[in-house]
Amino acid sequence: MTSPRVVRVGTGVLLWLAAAAGATAVGMAAVGMIGSDIFGSSQDPLTQAEVEQRLAAPTTGPTGAPTGPSTGATDPATPSAEPTAAPSSTPPATPPPAARARVVNALGAGTVTAQCNADGTVQILAVSPAQGYEADPDDDAADDHPKITFESDAVEVEVRLRCADGVVTDEIEQKIED
């Protein structure tokens with residue numbers, strides 16, 4: 001006949017072993033999910049041919065981002081590892097120069113990112129002052145030559161932007177305050 005104490009200790013050891021096995025199984029499942037999305041399908045890396053084909057293809061959609069991961073399914077929109085036709089010798093269409101953004105460095109006081117619009121006006125996309133500076137953009141929307149002023153305790157840097165032949169050009173003036 002076994003004593004109640006031996007039964008309790010044996011039951012405790014068995015429960016501990018069951019909990020350890022369960023925790024190990026959960027841990028293994030979690031490690032197996034790394035690299036997979038929430039639904040369990042993993043994204044396979046693209047082959048060199050798929051990368052070149054996606055870079056050469058015109059982007060569709062509002063963001064120009066790829067539409068999704070390659071699943072290897074037989075979908076005509078999904079690129080295959082083996083091209084079916086020889087690549088064309090015509091270069092891909094390039095965007096007009098007006099769509100290219102330019103980053104202007106304001107003598108260490110900050111940066112301005114801008115682009116030329118089709119009508120020849122400048123569109124400011126971002127203004128980033130350097131540490132110790134404040135940015136004061138010109139809020140006059142009617143001005144086709146916007147001005148951004150970067151100010152610190154001792155220095156003021158004024159950046160005036162213009163479009164020349166579809167490219168953002170800058171005039172930078174630095175004033176040192178006494």
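1. D170 first. In this predicted model, D170 is partly exposed, with a relative accessible area of 27%. Its side chain meets that of R102 in a salt bridge, at 2.9 Å from N to O. The two ends sit in distant parts of the chain: D170 belongs to strand β7 (residues 167-176) and R102 to strand β1 (residues 101-105), 68 residues apart. R102 is partly exposed as well, with a relative accessible area of 31%.

2. How many salt bridges does the structure hold? There are three. As background, side chains of opposite charge can pair when their charged atoms come close. Besides D170 and R102, the other pairs are E156 with K175 and R162 with E171.

3. If you plan to look at E156 and K175, keep the distance in mind: the closest N and O atoms are 4.0 Å apart, and the cut-off for calling a salt bridge is 4 Å. E156 lies in strand β6 (residues 155-164) and K175 in β7, so this pair ties together parts that are 19 residues apart in sequence. Is E156 buried or exposed? E156 counts as buried because its relative accessibility is 17%, and the limit for that label is under 20%. K175, at 37% relative accessibility, counts as partly exposed.

4. Next comes R162 with E171. Their side chains meet in a salt bridge at 3.1 Å, N to O. R162 is partly exposed, with a relative accessible area of 29%. E171 also counts as partly exposed, at 45% relative accessibility.

5. On to the strands behind these pairs. In what sense do β6 and β7 pair? They run antiparallel to each other, over 10 bridges. One bridge to check on screen is that of C163, whose partner in β7 is V168. The hairpin of β6 and β7 has two residues between the strands, and D165 takes a positive phi there, near 55°.

6. V167 is in β7 too. At 43% relative accessibility, V167 counts as partly exposed, since the value falls between the 20% and 50% limits. Setting aside neighbours within four places in sequence, V167 is in contact with C116 and R162. That R162 is the residue from point 4, where its side chain meets E171. There is also a longer link in sequence terms: V167 and G120 are 47 residues apart along the chain, and their C-alpha atoms are separated by 9.1 Å.

7. Which strand holds T149? T149 has its place in β5 (residues 147-151). With 8% relative accessibility, T149 counts as buried. Not counting residues up to four places away in sequence, T149 touches E134, A135, D136, E156, V157 and E158. Among these contacts is E156, the residue that forms a salt bridge with K175.

8. Finally, the whole chain. The secondary structure comes to two helices and seven strands, and from the N terminus on the order is α-α-β-β-β-β-β-β-β. Buried residues make up 14% of the 178 residues; T149 and E156 are among them. Of the contacts with a separation of 6 or more, 30% are between residues 24 or more positions apart. The accessible surface comes to about 13,300 Å², and 58% of it belongs to carbon and sulfur atoms.

Terms used
Residues numbered from 1 in each chain as written. Predicted model: local features only at pLDDT ≥ 70, side-chain atom pairs only at ≥ 80, totals over all residues. Heavy atoms only, no water. Helix = DSSP H or I, 4+ residues; strand = E, 2+ residues; numbered from the N terminus. Buried < 20%, exposed > 50% of the residue type's maximum accessible area, 1.4 Å probe, protein only. Contact = heavy atoms within 4.5 Å. Pairing = 2+ DSSP bridges. Areas by Shrake-Rupley, 256 points an atom, 1.4 Å probe, with all protein chains shown as cover.
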